[in-house]
Each structure stands twice: as structure tokens, then as C-alpha cells.
Amino acid sequence: MKRRRGSPPEPGSLRAWAAESRALVYRWRAARFSGPGGAAAREVRQQRGAFGELLVKMRGLPAALPALPLELTVLYNSLLFTMGASDSAIKEAAEGICQGLLRVLEACGACGQDLSTEELWQKVLQEVTVEDLQAPLHRLGALQAAWWLADSRLGSTAGLFRLLSKAEDSGRARCSEGENELLSLLKAWQVPAEEASLPLVQSAKDLKEILCTAAAFLQGLWMQELEAGNFPTALSLLQEAAGGFCSKMVLSQIYTCLGCCAQRMGKPQTALQHLKRALQVDFQCLPALSHVAAVYHQLGKTDAELQALALLYEALQKNPPAAASSSPHFLIRTELLVHTPILASLLRHHHPSEVKYLLAQRCLQDGRVADAVEHYLDFLALLQEGPQQQVPLDGDSPLPRIPEVFLEAASALEQAGEHHDAITLCEEVISRTTDLIPRMLRVEERLQQPECPLPGTGLSQQKESLCCLAWRAAGYLHQGWAWATLGESKEAIMQFSRCLGDLLRVQIYGTAENLLPEVEVLQKIRLLSLIGRGTQFLELGKHTEALLDFQHSLQISPGDPAATPYLVQALWKLDRKQEAAALWQKFSQTPPGEEGQGRCAGGEGPVPLYLASCVQRAAFPGHEALAGSIRDYLGTPNGDSAS
């Protein structure tokens, strides 16, 4: 390439600039190992400014080949401080790299203003053959790779290192079958030697190791997310990253991702090994602890799960500072290059309120009622402490809507015998949802839009109204069962009737198979409320009213295993024993489990946790006694109507 004829800098200027560059590097090397974090951050800003000023001086003259090795070295050091300043500042380096490449072309009498960054690198590396520029250009190429990795541009990074290897096919030739091409190219890259006269603030050798670790880490994450769950390859790449050059904080993150990958592969014990290793490396890697709890939940080891959640809550309460890097003197670090949505999701930090709720939920699900009550009350107290305890309900949060939490807490209190407290909590839900429910709701099949939507509302607002109606009706349902337990049958009937009256607001059109999930919950609440009111009518000797409620409940859920025995009992008490016996025989011949008491009336999903205790309460308690009476009536001591 033809060289540009221009006036090179005076030798004295070059020596002075080189001396200034060396002084800045030596000052950084002395400062990086001493002083607190704040002092180190100030030093980075000062060095960034000083190298920037030196670069401005050098660029005040036309680009000249004799000065370019020094200028590119100063640019490399300056960009290291720019990229190492923060996660966001790393992207500012892109323009600086392009300016450096344009200066190289200018010194050689060429132009590249209209070229993309990839085209600019291709032009420079293929056409500039000056030996003294090869090492500075390779170092600048490593910075370009860091920027592209941070921007998740793996293809551009691989293309650049093919060019740096000076043979596009050579990298592929070294990549054996099953080996990762980008990692092969990075490992094959020959790091230029550092000149004593032009020291660097971070060596290209260290930068290469960081690039290899980041490339393996990034690709391991993407193999899980984008490559249709290519978990074996992801596992291999993450293991490669774990053996790379990184801080303890990043190493613990890698082991956490390995644990998540193993869990998704169906290897929970391997997952636990990786997650425990993450905590051994960095005990402040709290996302690893939350994943440990999730694995124990998958294994059904409730004691271990609750212990992990308790440790996580305790650690979050202490509000520990972010883990420090084990090598703060490196400006370019793996953590600056790897930040993808999947990593943010895997390493999501739980809010203390979320963990407290998980403790309450798991205790309630496992029947640890006393512990559940304690955790629910603690959680509700946390919500009263102020905005800092309010958790955004994003897609990753385990928290349900707050009315559901109140209802779950009421369920726990009711099971613990604290019936009046449960009634009070339900009243809170009822009062707060009353104004949110329209007079009438018309609901169609789940895959269709309503033919006559309410003015200004859409399907999402209709679902919101259905949820509010379900919470309010569930509040009445819980109050009904609580009053029933207290022996107040008339008060219980009143609350069950209010629940049923609320549910009359919904007009349902469509088949049971195509109902919205929210409507299925409403149908389950209607069923449970009819059973509850029917049982209280039986307590008061109002057998005809009870019979009607049980008949209506079976219209909602034909063959329901709770409603059917109650209907038999009501018929029996009305002296309609032949009908009762026939229905009981039919019911007794139904295969166990054919009708699920723990599922919604539509049959597609389990009932919400806040309804689980009501489902248990609705179960018919006198199977053996009723079956015995019917056997005696039919004269079949070992008869066909065995319960």
C-alpha cells in the first residue's frame, strides 16, 4: 500500500509522549494494589482522562507511520480504562477503535470512512503489512473482540480472529469435530509480545484468557436458551468457562449456571454438587442458594428445602455487599463481557419478602400449619413496613397477587384454629375488591373475544374482574367454613349465600372444556359453597334445602366425590332410601380418582392454594357409617356397595 507523505512528529515529541505513557502505566500499576474501592475508582477516572489528553496531543498532528505504534498503544491503554470504568462505558470503546483504524489507513494513504467496523478491520488487516503495526493492531483487535462479546456478537468476533490468524480457513482446520470454533480461534491466536519501552496497563495475554472464558460462558448460556435446550454442549462449554480466568464472583456464577443446566437435564444430584460448589467459591452467591431450594423441592425433600430458604432469608436480611472481584486490578474482566437476559434470569436476586412468602407457601402445602401461620404473618408485616418491601410482580417472581396471599394466610389461620383472625383477613379482601367488580360479567370460551365487551374494557380487564370476583367469593367461602367450625350454622349459611350471590354476576357461555382458567376457579368456588351451605342445612335439619344445594353442586361437577355422598345422605334423611341406595351403588362403582376433588370444576388444573383447605373441609366425613346403613338396608353385608 502506498504510504502517505506527511510530516511525522519530531523525535523529541515521540520520546516525550512515550515517557508520559510509561509514567501513567507505572502509576496505575502502583495504585491498583492499594487503597479502598473508591480510591481505585477515582484512579481509573484520572488515568482515563490522562490517557485521553495524551491521545488528543498525538492526534493533533497528521497520522504518520513512525508514530502509529506508540499512538495505538496509548489508544489501547486509554480504551482499557474506558471499557473498565463500568458495564455501560464498555460500548464507548467502539468509536475509539474505529478512529484508531482510520488513523492507520490515513497514514497509509487510504480511506475507510464509509466502511462498517467489520469491513474496516478486514481492510486494515489485509492491506496494512507494516511489521511494527502488527502487534498494536492485534492488541486493538482483542479490545474489539471484548466489545463484540459484550454486545453478544459472536460471529463478528470469530470473523475477526480468522483475520488476525491471516488465513480464514486455518482456524477451521484447527477446529476438530465437536470442538467449538470460536474457542479454537481464540486459543490459536498468537499473543503479541509486550515491549518494555511501551508498557501496557493490562497485558494482551491476560485479555486473551478473559476472552476465552467469556466466550465459553456466553455460548454455554445460549446453548441452553437458543439451541432448543442443547444441554450437553452447554454443560461442556460452562465447564470450559469454569476452568478459565475469572474472579471468584464469576466462577460462582458459572457453577450456578452449571447447576441449573444439570437440573434441566434431569440430574438433580449433579445440580446440587455444582450449586454447593458455587457457594463454596463465593458464599455471597445467593442465587445459588435459591436454586438449591428449588432442586430440593423437585426432589421432594421439604426439610432441606425449608432449611435452604431459611438460610437465604437470613442472608438477605443481613443485606450483604456485592462480592468483590478477586482481581480488581484487571480493567477488562469477564463480568463486564457477560450480561445476557438468561444470565440475569438465572442469577436473579430474590427480595426478602419473596423468600418469606415461599417459606409460608411451602409450609402450608406440606401441612406445617403453625409454621405457615408464623411466616404468613411475618410476610404481611413486611408489606406494612413501606415501599422498600414492595416487590414488583414480574414474570419471575414467585409471589401471587396480594389478595391471594391474604386468602392463603386466612386458610392457614383457619387450619390452626384461629377462626376469628381468618374471618378478619377475609373481610379485608372482600372490602378491597368490592368496588373492582362490575355488576355483570359475560364470559365466553377461552379462545374467543367477548361478543359484547363492557365499554372501555378488553379481555385482560375482563380477566382482572374475574380474579377480583374469585377473591371476594373465596373470602365469603372461607368465612362460611370458619363460622361453620365455630358452630354458627346460620352465620355460615349467610356467608355461603353471599358467595353464591356474588357468583350470579357471571354469565357463562360455552362448553366446560373451553372455559377460561379464571372461570374454572369460580365454578370450583360455587361447588364448594353449595356443599358448605348444604352441610349447614343438614345441621339445622333442613334436609330439603340441603338436597337442592347438593343437586345443584352435581350439575356443576357431575359425579363429584364430595357432593355425591352428601346427596345420598340428604336423600336418606328424607326417607328416600331406595333412591339413596341406587345412587350410592352407582357412586361406589366409580373407579377411584376418576373425579379429582383437588381439581377445578373444569378439570384442567389444580385448585389455587387458597382453596385447598376448603376442598378438604368439603370432603364427606361419614363414608363408612353411610355405607353400613345402606348395606343394612339392601341386606348385603359384604355387598356391592362397599365404600
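Let's start with the walls of the largest cavity: Pro 9, Trp 17, Met 58, Leu 61, Pro 62, Ala 63, Ala 64, Ala 67, Glu 71 and Arg 103 line it. Keep in mind that this is a predicted model, where local features need pLDDT of at least 70, side-chain atom pairs count only at pLDDT 80 or more, and totals for chains, interfaces and linings use all residues. Residues are numbered from 1 along each chain as its sequence is written, and side-chain values use heavy atoms, with hydrogens and water left out.

**Cavities**

- A cavity here is a set of points, on a 1 Å grid over the protein atoms alone, where a 1.4 Å probe fits but cannot get out, and lining residues have an atom within 4 Å of a point.
- The structure has 3 cavities of 30 Å³ or more, and the largest one has a volume of about 40 Å³.
- A volume is the space filled by probe spheres set on the grid points, which are joined across faces, edges and corners.
- Sorted by class, the lining of the largest cavity comes out as 8 nonpolar, no polar and 2 charged residues.
- For that sorting, Ala, Val, Leu, Ile, Met, Phe, Trp, Tyr, Cys and Pro count as nonpolar, Asp, Glu, Lys and Arg as charged, and the others, Gly among them, as polar.

**The nonpolar core**

- In soluble globular proteins, nonpolar side chains tend to be buried together.
- The largest nonpolar core (buried Ala, Val, Leu, Ile, Met, Phe, Trp, Tyr and Cys residues joined through side-chain atoms within 4.5 Å) has 213 residues.
- Leu 143, Leu 211, Phe 217, Tyr 376 and Ile 525 have the most contacts inside this core.
- Helix α22 (residues 459–485) gives the core its largest share, 14 residues.
- Domain 1 (11–166 + 180–196) and domain 2 (202–320 + 329–350) both contribute residues, so the core lies between them; the domain bounds come from an automatic or database domain assignment.

**Two loop residues with positive phi**

- Ser 152 sits in the loop between α6 (131–150) and α7 (154–164), with helices being DSSP runs (H or I, at least four residues) numbered from the N terminus.
- Phi of Ser 152 is near 60°, a positive value in a residue other than glycine.
- Ser 152 is partly exposed at 32% relative accessible area, where buried means under 20%, exposed over 50%, and partly exposed in between (1.4 Å probe, protein chains only).
- Along the chain, Ser 152 and His 339 are 187 residues apart, yet 8.8 Å separates their C-alpha atoms.
- Asp 575, in the loop between α26 (563–573) and α27 (577–588), also has a positive phi, near 65°.
- Asp 575 counts as exposed, at 58% relative accessibility.

**Two buried helix residues**

- Ser 411 belongs to helix α20 (residues 402–415) and is buried, with a relative accessible area of 1%.
- Ser 411 and Ser 613 are 202 residues apart in sequence but 6.3 Å apart in space, C-alpha to C-alpha.
- Ala 581 is in helix α27 and is buried too, at 2% relative accessible area.
- Ala 581 and Leu 626 are 45 residues apart in sequence and 9.9 Å apart in space, C-alpha to C-alpha.

Conventions
1 Å grid on protein atoms, 1.4 Å probe; cavity = no way out; pocket = protein on both sides within 12 Å on 5 of 7 lines; lining within 4 Å.
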